[in-house]
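Visitor: Please show me how to read a model like this, one feature at a time.

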Amino acid sequence: MRWKLTIEYDGTAFCGWQRQNNGLSVQQALEEAIEKFSGERVTLHVAGRTDAGVHARAQVAHADIVKETSADVVRDALNFHVKPHRIAVLDVESVSEEFHARFSAQARSYRYQILNRRAPAALLVDFVWHMAKPLAIEAMQEAANILIGQHDFSTFRASECQANSPIKTLDKLLVVRDGDLITFETRARSFLYHQVRNMVGTLALVGTGQWNLDDFKTALAAHDRKAGGPTAPAQGLFFWGVEYPQIQ
């Protein structure tokens with residue numbers, strides 16, 4: 001049976017989603033939980049791999065498990081065996097063999113959080129990028145609007161990115177302030193490696209007034225990572241969700 005898992009995790013203590021030799025990953029913790037439950041060694045396939053320190057609100061992965069069981073039992077067993085790690089399996093569904101967590105996805109959403117105040121973060125220290133200098137929301141949104149649609153996003157592409165093309169279509173990039181918290185809401189079919197963090201880091205230059213709109217346009221047109229702003233820290237990024245066709 002193929003099972004679709006919807007997963008929430010705090011990425012602070014992990015080396016990322018994917019199994020690594022240098023530490024514990026979310027994938028490893030969950031695959032070990034599945035083995036404890038079913039006695040089977042399986043490979044989880046995920047909608048979007050996340051880096052060390054990056055979190056997920058509704059990550060999606062799938063696994064094939066031979067053991068006869070039910071969705072509720074799978075959910076509860078994995079949540080039991082994955083302890084004490086800060087991972088929660090929110091939902092489990094049986095899906096057809098045609099479903100693939102990565103390749104069936106129609107859109108992915110990420111959110112990035114900046115705590116914009118003089119005082120540092122205490123409660124949110126692992127979940128925000130703290131910036132003491134005031135950020136201009138309107139200016140950042142004006143720059144963000146330039147990125148909507150299909151572009152060559154090489155300026156926001158990490159050198160380690162393995163995508164075949166830098167051309168991506170960005171459906172949404174909203175900049176929202178709620179008190180001291182600024183959230184960047186993004187949506188696209190897929191993203192380049194570090195694309196969201198690099199966009200946020202560059203938009204922050206506009207927000208502080210170090211760059212104007214023309215500077216931002218020039219950076220995008222350069223198609224060169226060296227022309228862009230800094231990479232925003234990992235801890236502010238959340239894999240927010242993934243969308244699939246209704247029939248799977």
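**Backbone, core, pocket, contacts**

Guide: Start with H194, which is buried at a relative accessible area of 18%. Buried means under 20% relative accessible area, exposed means over 50%, and partly exposed lies in between (1.4 Å probe, protein chains only). This is a predicted model, so local features need pLDDT of at least 70 and side-chain atom pairs count only at pLDDT 80 or more, while totals for chains, interfaces and linings use all residues. Residues are numbered from 1 along each chain as its sequence is written, and side-chain values use heavy atoms, with hydrogens and water left out.

Visitor: Where is H194 found?

Guide: H194 sits in the loop between strand 9 (181-188) and helix 4. Helices (H or I, at least four residues) and strands (E, at least two) are DSSP runs, numbered from the N terminus.

Visitor: What is phi of H194?

Guide: Take the general idea first. Most residues other than glycine have a negative phi, and most peptide bonds are trans. Phi of H194 is positive, near 70°. H223 is not a glycine either, and its phi is positive too, at about 55°. H223 lies in the loop between helix 5 (213-222) and strand 10. With a relative accessible area of 42%, H223 is partly exposed.

Visitor: Which residues does a cis peptide bond join?

Guide: K83 and P84, with omega about 5°. P84 belongs to the loop between helix 2 and strand 4.

Visitor: Now the interior. Which residues have the most contacts inside the largest nonpolar core?

Guide: The general idea is simple. In soluble globular proteins, nonpolar side chains tend to be buried together. A nonpolar core is a set of buried Ala, Val, Leu, Ile, Met, Phe, Trp, Tyr and Cys residues joined through side-chain atoms within 4.5 Å. Here the largest one has 72 residues, and W17, L30, I87, I114, L147 and F184 have the most contacts inside it. Helix 4 (residues 195-207) supplies the largest share of this core, with seven residues.

Visitor: Which residues does I87 touch?

Guide: Contact means heavy atoms within 4.5 Å. Leaving out residues up to four places away in sequence, I87 touches I7, E8, Y9, F14, V26, A29, L30, N79 and V82.

Visitor: How do I read a helix? Which residues of helix 2 are buried?

Guide: In helix 2 (residues 71-81), they are V74, A77 and L78. These residues cover an arc of only 95° around the axis, so they are on the same side of helix 2. The arc is that of the directions from the helix axis to the C-beta atoms. Strand 1 (2-9), helix 1 (26-38) and strand 4 (87-95) pack against the buried residues of helix 2.

Visitor: And which residues of helix 5 are buried?

Guide: F216, A219 and L220. Their arc is also only 95° around the axis, which puts them on the same side of helix 5. Turn to the other side of helix 5, and D214, T218 and A221 are exposed. Helix 3 (137-146), strand 7 (149-152) and helix 4 are among the elements that cover the buried residues of helix 5.

Visitor: Next, empty space. What volume does the largest pocket have?

Guide: Rolling a probe the size of a water molecule over the atoms shows where empty space is left. On a 1 Å grid over the protein atoms alone, a pocket is an open set of points where a 1.4 Å probe fits, with protein on both sides within 12 Å along at least five of seven lines; lining residues have an atom within 4 Å of a point. Grid points are joined across faces, edges and corners, and a volume is the space filled by probe spheres set on the points. For the largest pocket that gives about 1300 Å³.

Visitor: How many residues line the largest pocket?

Guide: The lining has 39 residues, and G48, R49, R102, F191 and Y193 lie nearest the centre. Of the lining residues, 17 are nonpolar, 14 polar and eight charged. Ala, Val, Leu, Ile, Met, Phe, Trp, Tyr, Cys and Pro count as nonpolar, Asp, Glu, Lys and Arg as charged, and the others, Gly among them, as polar. Strand 2 (45-46), strand 5 (107-116) and helix 4 each give the lining at least two residues. Helix 4 gives the most, three.

Visitor: Last, contacts between distant parts of the chain. Which residues does E243 touch?

Guide: Apart from residues up to four places away in sequence, E243 touches A105, Q106, A107, S109 and R187. E243 and Q106 are 137 residues apart along the chain, yet their C-alpha atoms are separated by 5.5 Å. E243 belongs to strand 10 (residues 237-243) and is partly exposed at 33% relative accessibility.

Visitor: Where is the place of P245?

Guide: In the segment after strand 10. P245 and Q106 are 139 residues apart in sequence and 7.1 Å apart in space, C-alpha to C-alpha. Not counting residues up to four places away in sequence, P245 touches S104 and Q106.
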